[in-house]
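The exercises below concern a ligand and the protein around it. Work through each one with the structure open.

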Amino acid sequence: MKELTHYINGEHVKGTSGRFADVFNPATGEVQAKCPLASAAELELAVKAAQAAQPAWGATNPQRRARVMMKFVDLLNRDMDKLAEALSAEHGKTFPDAKGDIQRGLEVIEYCIGAPQLLKGEFTDSAGPGIDMYSMKQPLGVTAGITPFNFPAMIPMWMFGPALACGNAFILKPSERDPSVPLMLAELFEEAGLPKGLLQVVNGDKEAVDAILYHDVIQSIGFVGSTPIAQYIYGTGCSQGKRVQCFGGAKNHMIIMPDADMDQAADALIGAGYGAAGERCMAISVAVPVGEETADRLIEKLVPRIEKLKVGPWTSGNDVDYGPVVTAEAKQRILGLVQTGIDQGAELVVDGRDFSLQGYEDGFFVGPHLFDRVTPDMDIYKQEIFGPVLTTVRAGNYEEALKLAMDHEYGNGTAIFTRDGDAARDFAARINIGMVGINVPIPVPLAYHTFGGWKKSGFGDLNQHGPDSFKFYTRTKTVTSRWPSGIKEGGEFNFKAMD
Ligand code: NAD
């Protein structure tokens, strides 16, 4: 059995706590590796190395740091297939999806190459007689991030890209379910020229997370994962005086207006609802057709498309629509929620419960499901399912659809499909959700904008990547300087006047 490591101070280090987590091959259900779960003592080794390496890196000019980023981008492109294979093998997502995961992280690193421009401070000349004022953006020091299983390349890069570009050291605690790619990324960054100790990977669970939360040296924590853990990390981290940003779960609604192009809306729902087995925080999990006729037309278009979906292992090639979910536990939770939906009176229009794949009977595959006539009091509406299950809530009119999305506790992403510009503008202006798509089902902002949800999907003041990330990973210092004038009338220096 393969035993994975931590990556501390430029070395692969074996776990010493004696605790391990199983890493599965989700397509077969077999355990393929053991992931070490760090103790506080193992985290301490990483903190010490980070503390030693960071001052010199923080003092390195930003252009040199940017050059390391450029080289890292080259290496990511060189190793794209190798990284994507490792990612699919542990996560289960299709090969094109795995490449997308890496690509979206790579784009954030490309943005970080702009560090010399992004880190420029502000200057006020002659704020008073002989007085100048300027601000500097300085690194925080040692920073840390805790990431989820569903984007094991992209989300770590969203954090360590800007953290490193700003001159910090970064300790990553990735998901214990798919830790191999984060380890590979740390190695690649060193190959790109990053000094040892600046990007380290400490694998683990709550014990390692708590050690991060209570460590005095660690200045900031970025977290992405489920909402209860986001709330725990935000509350605890803030109480320890750290800078914290936490991004949580989601329940993304797509409103389909009667004037929408129904084929386009149905195609969008297939990709956004079932792609990556629904294991995306920006997946659409609630379709909200406006009006009974719209709902009937939509369901009619969705059913044959869902029945055509190909579910299979990533090794089957590019024509697989989605793969298995990440663990047997996740599969059981999803199927348990499907049963609850049936028990609570929702109409199961497409039933994927009996799905089985020959040769992969023990894999964590879940067939696609479609529910109609879901109501807001049902658990399948209230909870994040995080699986290939699309629910439909029929709304009587636009205001009812808008209110539905607004009243939900999550506020990550949403979309409206319509041909009416006025309705689209009204929706974008009034909705209390962080990322909005207009005829775009998964409106993930590009690297140079920021990514972040509202309500219980995001905690903290700043979003991820884009300009906010450079604010999150720096502190502003403002200097006021006064140099009494030594210039005499006539242009001669009068040094005595300066005594
Ligand atoms: P998770 O909350 O179970 O785990 C996330 C991280 O927290 C992991 O590193 C894990 O080891 C750690 N963790 C788990 N339990 C912990 C505990 N009790 N104490 C301290 N740390 C703990 O989430 P997941 O299952 O890996 O990922 C799926 C979730 O992430 C979904 O809810 C999804 O919506 C969310 N997500 C959100 C975004 C976003 O940007 N809002 C992006 C991706 C995923």
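**Exercise 1.** Find how far an oxygen atom of the ligand is from an N or O atom in the side chain of E384.

*Solution.* The model is predicted. Start with the side chain of E384: one of its N or O atoms is 2.6 Å from a ligand oxygen. The cut-off for a polar contact is 3.5 Å, and the E384 pair, at 2.6 Å, is therefore a polar contact. Next, turn to the backbone. A polar backbone atom of T147 lies 2.8 Å from an oxygen of the ligand, and for a backbone N or O atom of F149 the distance to a ligand oxygen is 3.1 Å. Last, consider cover: the ligand alone exposes 840 Å², of which the protein buries 88%.

**Exercise 2.** Describe the residues around the ligand, and state which of them come nearest.

*Solution.* First, count: 28 residues surround the ligand, and T147, K173, E176, S226 and E384 come nearest. Second, sort the shell by character, which gives 14 nonpolar, 9 polar and 5 charged residues.

**Exercise 3.** Which domains and which pocket hold the ligand?

*Solution.* Begin with the domains. Domain 1 (2-248 + 457-480) and domain 2 (252-438) each give at least three residues to the shell. Then look at secondary structure: α8 (206-213) and β11 (218-224) each contribute at least two shell residues. Finally, place the ligand, which sits in the largest pocket.

Terms used:
Residues are numbered from 1 along each chain as its sequence is written. This is a predicted model: local features need pLDDT of at least 70, side-chain atom pairs count only at pLDDT 80 or more; totals for chains, interfaces and linings use all residues. Side-chain values use heavy atoms; hydrogens and water are left out. A residue is near a molecule or strand if one of its heavy atoms lies within 4 Å of it. A polar contact is a pair of N or O atoms within 3.5 Å; within protein, one must be able to donate a hydrogen and the other to accept it, and residues adjacent in sequence count only if both atoms are side-chain atoms. Accessible areas come from the Shrake-Rupley method with a 1.4 Å probe; for residues, only the protein chains shown count as cover. On a 1 Å grid over the protein atoms alone, a cavity is a set of points where a 1.4 Å probe fits but cannot get out, and a pocket is an open set with protein on both sides within 12 Å along at least five of seven lines; lining residues have an atom within 4 Å of a point. A molecule sits in a cavity or pocket if more than half of its atoms lie within 2 Å of its grid points. Helices (H or I, at least four residues) and strands (E, at least two) are DSSP runs, numbered from the N terminus. Ala, Val, Leu, Ile, Met, Phe, Trp, Tyr, Cys and Pro count as nonpolar, Asp, Glu, Lys and Arg as charged, and the others, Gly among them, as polar. Domain bounds come from an automatic or database domain assignment.
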